[in-house]
Amino acid sequence: MPTSSTSTLALAGRLRALGDTELGGLLRARSVRDAGIGDFFDLAEKLLDRVSIHAALTRLDRPTLTMLAVLAERGEEPATDGAATASEISTRLAQLGVPADEPTASRQLETLAHLALAGETDGGWRTWDTVIDELRDWPSQGLPTLDELAAPWHPQHHVEIDADQGTTNALAAERAFATTMAVAEIVTEQQNEPARELAKGGLALPDVKRLALAAGVEVDDVHALQRIAVRAGLLEHDSGQWTVTADAGPWLLQSTAEVWGRLAGAWLDELPSDIRTLLAGRTHDRWDEEFESLVAWLYPAGGQWMRDRVGARVHDAELLGIIANATPSAPGSLLLDEGADAASRTMATLLPHEVEQVYLQHDLSIVSPGPLAPRLDARLRTIATVESHALASSYRVSPASVNRALAVGETAESITEFLSSISLTGIPQPLAYLIAESAARYGLVRVGRTPTGSYVRSGIENLLGAMLVDQGLSALSLTREGRGELRSRYDEATVFWTLSEARYPVAAEDADGTIVPLARRRTAAAAQPPAPDPVLAIVERLRHSTPDAPQDNDRAWLERQLDAAVKARLTITVTVTVQDGSSVDYVLEPTGLGGGRLRGRDRKADVERTLPLSRITAVSSEV
Amino acid sequence: MNSPEAPNGPLIVQSDRTVLLEVAHPLADDARHDLSVFAELERAPEHIHTYRITKLGLWNARAAGHTSADMLATLEKYSKYAIPQVVTVDVTETVGRYGRLVIERDEEGVLLLTATDAAVLAEIARGKKVAALLFERRSENTYVVQAWARGQLKQELLKIGWPAEDLAGYTPGTPHEMSLLDNGWHLRPYQNDAVNSFFEQGSGVVVLPCGAGKTLVGAGAMAVGKTNTLILVTNTVSARQWRNELLKRTTLTEEEVGEYSGLVKDVKPVTIATYQMLTAKRKGEYAHLALLDALDWGLVIYDEVHLLPAPVFKLTADLQARRRLGLTATLVREDGREGDVFSLIGPKRFDAPWKEIEAQGFISPASCFEVRIDLPQQDRLEYAASADDVRYRLAATAPAKLDVVKRLVAKHAGEQILVIGQYLDQIDELALALDAPALTGSTPVAERERLYQSFRDGTTKVLVVSKVANFSVDLPEATVAIQVSGSFGSRQEEAQRLGRLLRPKESGLPANFYTLVARDTVDQDFAQNRQRFLAEQGYSYTILDSDTLDAAA
């Protein structure tokens, strides 16, 4: 049975051989964040630490744990060298009564290897001492033994549905509608401005507040909505911030039921397959408790971590209307039985029907008497600002929103035509006045770029004259540049926004004099460089823990291995090149390293040997 | 999720407890009347009205005799989509809380707070503020309450969501014989209903729209009570109007009606005082508190209860043994202290049958016009060159407005026209230019009344007023108001200004409200809010250019 230091040596060697991607994956999977890792030995020690092993086991499902326990059992048998071949493993599993086919078994072994909990050597698969120690202690912690791990699942709860299916469906549809709307708002808001992800995980608070405001939900609810959106592939994480994926835009133009179908489908896809199979057979039972006890069974060491995850999963199911009052809704049952498409079709019949016409009012508000068809909603948003996105959404037209629409190419005619087409009651006079006035005045003043700053031009001299004396514009230091033109040393965006706020009918133009929309000023926070990925930093550090040249790298690695062996008094095999160029292996118990030489006791020959380091080409331990 | 009963009803009930009403819907009127029982109208623009279901609204409705089942039935009957479950649960739970706590007296007259179940009592007693007001526990479900704590206890209980029903009764007050005059005139049916409902249920508030005769409901209540009465009003002009109305409509004589104001301090069986007097302080103490106990009042009437100054609540907390009647057109207060009205004056006791009142034609609609005025280039430059604090005044008092006012006055020649301004020199200038009397804060009360009277008579056709005209005064025949300048267009202010034009008109002329706005100035910011608030009040709104004024309107 190899000692733990042997494990360190062997694991360090394995780790060194991993590519950057695999190494990064391992660091993430094992939640290695500590900055105190100097080289592969430090990392190996970290990964073999009991606390870290314990944490890693909490995230393994029952079949994988059973596999690991089989390896551990094998490792404890004094008669063997601790390694188990694939056939030995499958024999043992069969003995235990665990149905295991070849692909499943090799997938489980792969998982264990990726987590650095086990590894394949010449003799077969084996696991580390600390893992064996940990599993040996399990029964004393109230966790299952190998035999118990291998036992099959016995359902405990059989509660027939007593809730009225109609009530359940109504509540589910209500939740599904609200959640789908809120997710759409959250995604749209991040389209305008990405949200920052903190280095320690989670969204930055200012962004959470912004998203909560946009979606009209409580701050606490943002995380669940973000989780649902991310799971559905509507958002992706990119260098410290969340951005909207390319296909999110078209998706959001679909009907509410279709968008819901995607969100619910993603929820289903992320369920472990065995839970899915079990739930699918029980689609008409209460399954909140069932779900929880099943997950507790499936992840026996899961503890709080797993309970939180399950809690989140159940919560998401409630938010999406997959369950309501702890029972599956009609669409929820279909989701498990037949998949997202069938569920979406049923959900469509439960959701409030969409409308295609709105009320335009004297106070410049627009109210949609029901959910507005998404394509109309999207167009309306270019002309008006959303005030509340709910069952009946409301919008408001303002001079700023009309100017925004004009800047992206709308005209008074196109706006009026669109609004007339969706209005139930014509266009009220104040709104018509606002559109006509904005369009008539839009672009009377143009702002553009010059090599040293920006220019302001207008055919109306009075406007330019007023700007020159305007106290509110003094910060722009406008100067006259001949007839019809002013200059500022500030860039065109600054000048544009200052003039716009001071109520001048301004538009930005490019070199050809074509009006261009100016993006809104970004907040300072968004401009910050993204925080470096801590995992990449560790990988980087590990790669640089030894000199750059491959030759030197190998040499330093050798010395590090020998150093570790001396400290742990491990028996090692040293390969030495002798003078004729051939190699000789010595099995040594190293006693000292210094002056470019390794001293050690050769057990076979029973002599003390002193070997020059320059001659040593390889070191290996028993493992 | 579509409601099976009325798949296309006029209401949309949302989970944030707002209810939208589609006005054009054939069932909209019925839905509105039923809904207004328990939901507050928040905005009423032309096509979609927004109501909000609040706890207080629900308790007020419950106090006025409606059950949660009635209220939910209303929502279900008229809803376009299914009612969100949070709303259903919320309405049921909230309404269910009313009546679980009762303040009453035992045979010996000791005040008791009794709960229908001990758990409620245990819950409320956990609150420190409430516990401090409970005297001793008499039984599992009952606490003894001291008389001084009656008002405060109701306030604190409401704050923690447990309104107490006050059935402890009132001191009768010194009897004082009076009745309504029977000279071919009588209360309208709904006014009678309001009076009866109030007397049956104890203290509380009667909500009636402007022009529906709130003063007469007050007089009616006095005629039923036949006791010494204290009437609290917002200002001296209003005090005179109450006095005149009482002398005209009841058997009360000048000898019996006293005025308690800055000028005269007559305490008579019926005494009219202003809130301002009551809250006036001398050397840090309320100087006229003695008035509240000067006579054994059997009835206290609070006029315009939505304007009741905060210190009066505190004084009212000590008046819980006297019967209180609140009168108002709206329960909504700018300061959000609707809860104190509920606790201390009392809950809503009467729902106006709006349909009936509207059918009687008491409310005349006003049209609002915003007139945009281009500043001449010279003024434009001066405006641009000025600092922010000067800009508002420059825009508000732009001389270009004077000409527009003249044109508007000429256009409405023969009608009763109010011109409203904010700046005294502008008001003087307007008065001079229009050859009309001006009325400002410094105008003595007697002169003010004389001017109002002559305006009412029609002797004076145009009156230039400053902000003093904002509060509860009756200018019945004003059919045109022109706002030349005004402070910041706040919601309450706008509603009040327009409320003036809403009073019943004998002439049948439509009312018009003009605001003059200097284009592209800060004036326009305020105009934007004004447009929003007025349109939300349901008035039509039109924007005009000053140069096309004559052609357009």
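**Note on chain B and where it touches chain A**

1. In helix α16 (residues 377–384) of chain B, the buried residues are Arg380(B), Tyr383(B) and Ala384(B), where buried means that 20 or more other C-beta atoms, placed from the backbone, lie within 10 Å of a residue's own, exposed means 12 or fewer, and partly exposed is in between. Because these residues cover an arc of only 95° around the axis, they lie on the same side of α16(B), the arc being that of the directions from the helix axis to the C-beta atoms. Helices (H or I, at least four residues) and strands (E, at least two) are DSSP runs, numbered from the N terminus.

2. This is a predicted model, in which local features need pLDDT of at least 70 and side-chain atom pairs count only at pLDDT 80 or more, while totals for chains, interfaces and linings use all residues. Residues are numbered from 1 along each chain as its sequence is written, and chains are lettered from A and ligands numbered from 1 in the order in which they are written.

3. The buried residues of α16(B) pack against α24 (461–469) of chain A and also α17 (388–396) of chain B. Between the chains, 33 residues of chain B are in contact with 31 residues of chain A, contact meaning that the C-beta atoms of two residues, placed from the backbone, lie within 7 Å. On the side of chain B that touches chain A, at least two residues each come from β2 (18–22), α16, α22 (522–536) and β25 (540–545) of chain B.

4. Val23(B) sits in the loop between β2 and α1 (28–35) of chain B, and it counts as partly exposed because it has 19 C-beta neighbours inside 10 Å. Leaving aside neighbours within four places in sequence, the contacts of Val23(B) include Glu46(B) and His47(B).
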